[in-house]
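I opened my notebook to work through this one step by step. Here is what I looked up, in the order I got to it.

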There are 2 protein chains.
Amino acid sequence: MSYKDSIIGTAMALFAENGFKDTSTADIAKSIGSAESTLFHHFKNKEELLLKILERVQRDIVREVESHLHDAEPENGLAMISGIVGLFFHLSEAKRVEFLLLFRNYPYQLANVNPTCRKIIESIYDFFLGIIAEALIKGQQDGSIREVNVQKQAMVILAMITGLTRFDIFGIMTLAGYHQEIIDSCQRMLCREYICED
Amino acid sequence: MSYKDSIIGTAMALFAENGFKDTSTADIAKSIGSAESTLFHHFKNKEELLLKILERVQRDIVREVESHLHDAEPENGLAMISGIVGLFFHLSEAKRVEFLLLFRNYPYQLANVNPTCRKIIESIYDFFLGIIAEALIKGQQDGSIREVNVQKQAMVILAMITGLTRFDIFGIMTLAGYHQEIIDSCQRMLCREYICED
DNA sequence: TAATAAACCGAGTGAGTACTCGGTCAGTCA
DNA sequence: TGACTGACCGAGTACTCACTCGGTTTATTA
């Protein structure tokens, strides 16, 4: 059990860093310090290993987000959104390996032919869309957020933060010191009215 | 020249659809209808072929965008931003293959070790950042856009539209009918003040 | 037309690749 | 103690990959 977990952890790091195709089973075995054939004693093939990894990623991310959201006591829906956006950026550092894996192409390619994989990935995106939508609805009820199409707006927000995170993770640009600017932009996008101070 | 171009076109489609690693030189040759060894007569290896493809993608995208922007006569900076966002979504369909290729991991992996590749990719992103920043500055001058940090805000906008396009292209979600919502969100993010109509 | 060069091909080649198989060894329980 | 089970290994194996090489066809130009 524990050994199996260590395979999952090691393989996840390698898949995230180098990609699925560019990580050979020999690489994984070497990194663990075991024989290549031992991998196939625990997982029937490389693809099953990836699926177990994705399952763990999904569980870890959901658990982490829920524990953070549970602690927070936001005053209204708009503040909830700010909290979620901030949490997402926090996660992209704290769970960097998991995020990097989710920005790889292979999981989505596999999702096209493997329903199990598809479900895992969908559940991750649906989870984030769900908490954003919840905050939007709450904000509309308490008046902190204007009337918007909740589904569409949730997607726009998720796309924005994943897009920014992708830039950061792939080294296209750096997000250092940009978090407040981004949260500000979100608030302006959503708030009922906004008057410029200057 | 022309034959070389047809190799580039065919290989681009395959790399975009299946990824660099998952497209063998045999696949490319078969798709063109020539011998595998002929590829290596025109390109010294598979990597050089990818670089030539990326160069063409960069040229094509810049040319296409510039021709569109040249035609448009926006009334102010904010309208320019809306035009750029709309154009980006138009491109993600008109240049679907090129966009798909730019959402693959391999070009960015290669960029880490190959300066030529890095330059091409950077120039694409810098190009988009440049036209967005230009619109922001114009908007601040004509009063249609509030005072913002131009660099940061340009990145936020580019991240949002690439993030949305990525969702659409990878089949995570569909953008059908969302364009106006997104352009609206951008305008609210940028405009000097906004009063909700309801 | 003859000479030169470029385009193109078929048949390799060696270096990986995921995965298999037969067997060893340690721990568990009757 | 002895039979059984599961973790683990080394040595394969069949296959795919990018790339090479010797030679032939085609185009160009003197």
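Through which surface do the copies meet? I should jot down early that this is a predicted model. I looked up the interface residues and found that 100% of those in chain A are also interface residues in chain B, so the copies meet through the same surface.

**Entry: how the chains are related**

Next I wanted the move that lays one chain on the other. In general, two copies of a chain are related by a rotation about an axis and a shift along it. Here chain A goes onto chain B with a turn of 180° and a shift of 0.0 Å along the axis, and the RMSD is 0.0 Å. That is the relation of a two-fold axis.

**Entry: one serine in chain B**

I picked B:Ser185, which sits in helix H10 of chain B, residues 179–190. Is B:Ser185 buried or exposed? Its relative accessibility is 1%, and buried means under 20%, so B:Ser185 counts as buried. Then I checked what B:Ser185 touches, leaving out residues up to four places away in sequence: the list is A:Arg146, A:Gln153, A:Val156 and A:Met189.

**Entry: helix H9 of chain A**

I went on to helix H9 of chain A, which covers residues 150–169. From first C-alpha to last, its 20 residues reach 28 Å, close to the 28 Å expected at 1.5 Å a residue. How many residues of H9(A) are buried? I got 19 of 20, so I wrote "mostly covered" beside H9(A).

I looked at what lies around its ends too. At the N-terminal end, A:Asn149 caps H9(A), with a side-chain oxygen 3.1 Å from the backbone nitrogen of A:Gln151. After H9(A) comes A:Gly171, and its phi is positive, near 70°.

**Entry: DNA strand D**

Which residues come nearest to DNA strand D? Of the 15 around it, they are A:Ser37, A:Thr38, A:His41, B:Thr25 and B:Lys46. Of the strand D atoms that come within 4 Å of the protein, sugar and phosphate account for 57%.

I noted some polar contacts one by one. The side chain of A:Ser37 has an N or O atom 2.7 Å from a base oxygen of strand D. B:Glu36 has a polar side-chain atom 3.5 Å from a base nitrogen of strand D. For A:His42, the partner is a phosphate oxygen of strand D, 2.9 Å from an N or O atom in the side chain.

Helix H3 (36–42) of chain A and helix H3 (36–42) of chain B each supply at least two residues of the surface near strand D. The largest share, 4 residues, comes from H3(A). By class, I wrote down 3 nonpolar, 10 polar and 2 charged residues for this surface.

**Entry: DNA strand C**

I repeated the search for DNA strand C. Of the 15 residues around strand C, A:Lys46, B:Ser37, B:Thr38, B:His41 and B:His42 come nearest. Sugar and phosphate make up 60% of the strand C atoms that come within 4 Å of the protein.

Phosphate oxygens of strand C turned up in these contacts:

- An N or O atom in the side chain of B:Thr38 is 2.6 Å from one.
- A polar side-chain atom of A:Lys46 lies 2.8 Å from one.
- A polar side-chain atom of B:His41 lies 2.8 Å from one.

Which element gives the largest share of the surface near strand C? I found H3(B), with 4 residues. The classes near strand C are 3 nonpolar, 10 polar and 2 charged.

Note on methods
Residues numbered from 1 in each chain as written. Chains lettered and ligands numbered in written order. Predicted model: local features only at pLDDT ≥ 70, side-chain atom pairs only at ≥ 80, totals over all residues. Heavy atoms only, no water. Buried < 20%, exposed > 50% of the residue type's maximum accessible area, 1.4 Å probe, protein only. Contact = heavy atoms within 4.5 Å. Expected span 1.5 Å × (residues − 1). Polar contact = N/O pair within 3.5 Å; in protein donor to acceptor, adjacent residues only side chain to side chain. Near = heavy atom within 4 Å. Nonpolar A, V, L, I, M, F, W, Y, C, P; charged D, E, K, R; others polar. Least-squares fit on C-alpha atoms with pLDDT ≥ 70 in both.
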